[in-house]
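Biologist: Thanks for sitting down with me! Could you walk me through this one, question by question?

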Amino acid sequence: AADVVEFSLLGTRHAVPQEEMKDDLAVLPFIPVPGTPEIVLGVAELRGELLPVLDLAAIFGRRSPIGKRSRMMHIVNGAFQALVVTDEVAGNRHLPVESQRQVPIALPHQVLYGCYLEAGMVRLILNVESLAVHFEKTSVRELMASLSPDIAVQPELTQEALEHAAQASPAAETVHQTGEA
């Protein structure tokens, strides 16, 4: 059997092993760090330590909207520590052995511990440390996109595409320059 903590990401429920979840916190102020992968929103201080703030929605080419109900999960896995932004922390759940499944495809990296079915939906048990370490690898992004078809994956906008869109639309150019519509 496994004990997990369920949380919501982009409106879809996932889980992390209970032993890795150290705390459920209100969203702490964080400072963006230029030049980091999209999964890293920045750094925040927790009990005198600077920890990376991760947005797992980046795996799906998206950003988590941070609102009043958003939470941060303090994840610890060995020497790895991070704060993970979530829509909400749904709580603990005990998974009987028979309800757990291996992910039915070969994983390029151990980014998932497994999965389970609930109400006809596949719920992923995420390895946050491995996702953070291997995030930049295309194989990981493609895997996560294929496992969560209910989360629409946004094509990544390159700077070139943004500039092209701005040139094509005078309104977009105005918004870009003035910051107002």
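**Salt bridges, strands and a serine**

Modeller: Happily, and let me start with a pair: Arg 13 forms a salt bridge with Glu 6, the closest N and O atoms being 3.5 Å apart. A salt bridge here is a side-chain nitrogen of Lys or Arg within 4 Å of a carboxyl oxygen of Asp or Glu. This is a predicted model, so local features need pLDDT of at least 70 and side-chain atom pairs count only at pLDDT 80 or more, while totals for chains, interfaces and linings use all residues. Residues are numbered from 1 along each chain as its sequence is written, and side-chain values use heavy atoms, with hydrogens and water left out.

Biologist: Is Glu 6 buried or exposed?

Modeller: Buried means under 20% relative accessible area, exposed over 50%, and partly exposed in between (1.4 Å probe, protein chains only). Its partner Arg 13 is partly exposed at 28%. Glu 6 has 5% relative accessibility, so it counts as buried.

Biologist: How confident is the predictor, and what mean pLDDT does the protein chain have?

Modeller: pLDDT is the predictor's confidence in each residue, from 0 to 100. Over residues 151–181 it stays under 50, and the model has 24 contacts beyond four places in sequence for that stretch (contact means heavy atoms within 4.5 Å). In the protein chain, 71% of residues reach 70 or more, and the mean pLDDT is 78.

Biologist: Which residue forms a salt bridge with Arg 63?

Modeller: Arg 63 is partly exposed, with a relative accessible area of 41%. Its partner is at 0% relative accessibility and therefore counts as buried. The closest N and O atoms of the pair are 3.3 Å apart, and the partner is Asp 55.

Biologist: With which side chain does the side chain of Ser 64 make a polar contact?

Modeller: Ser 64 is in the loop between strand S5 (49–54) and strand S6 (71–77); strands (E, at least two residues) and helices (H or I, at least four) are DSSP runs, numbered from the N terminus. Ser 64 is buried at 7% relative accessible area. A polar contact is a pair of N or O atoms within 3.5 Å; within protein, one must be able to donate a hydrogen and the other to accept it, and residues adjacent in sequence count only if both atoms are side-chain atoms. At 2.7 Å, the side chain contacted is that of Asp 55.

Biologist: Why is S6 described as largely enclosed by the rest of the structure?

Modeller: S6 pairs in the antiparallel sense with strand S3 (residues 21–26) over five bridges, where two strands pair if DSSP finds at least two bridges between them. S6 also pairs in the antiparallel sense with strand S7 (residues 80–86), over seven bridges. S6 is called largely enclosed because of its buried residues, which number six of the seven.

Biologist: Which residue in the turn between S6 and S7 has a positive phi?

Modeller: Within this pairing, Arg 71 stands opposite Thr 86 in S7. S6 and S7 form a hairpin with two residues between them. The phi in question is about 65°, and the residue is Gly 78.

Biologist: Which residue forms a salt bridge with Glu 88?

Modeller: Glu 88 is partly exposed, with a relative accessible area of 26%. Its partner is exposed at 64%. The closest N and O atoms are 3.4 Å apart, and the partner is Arg 69.
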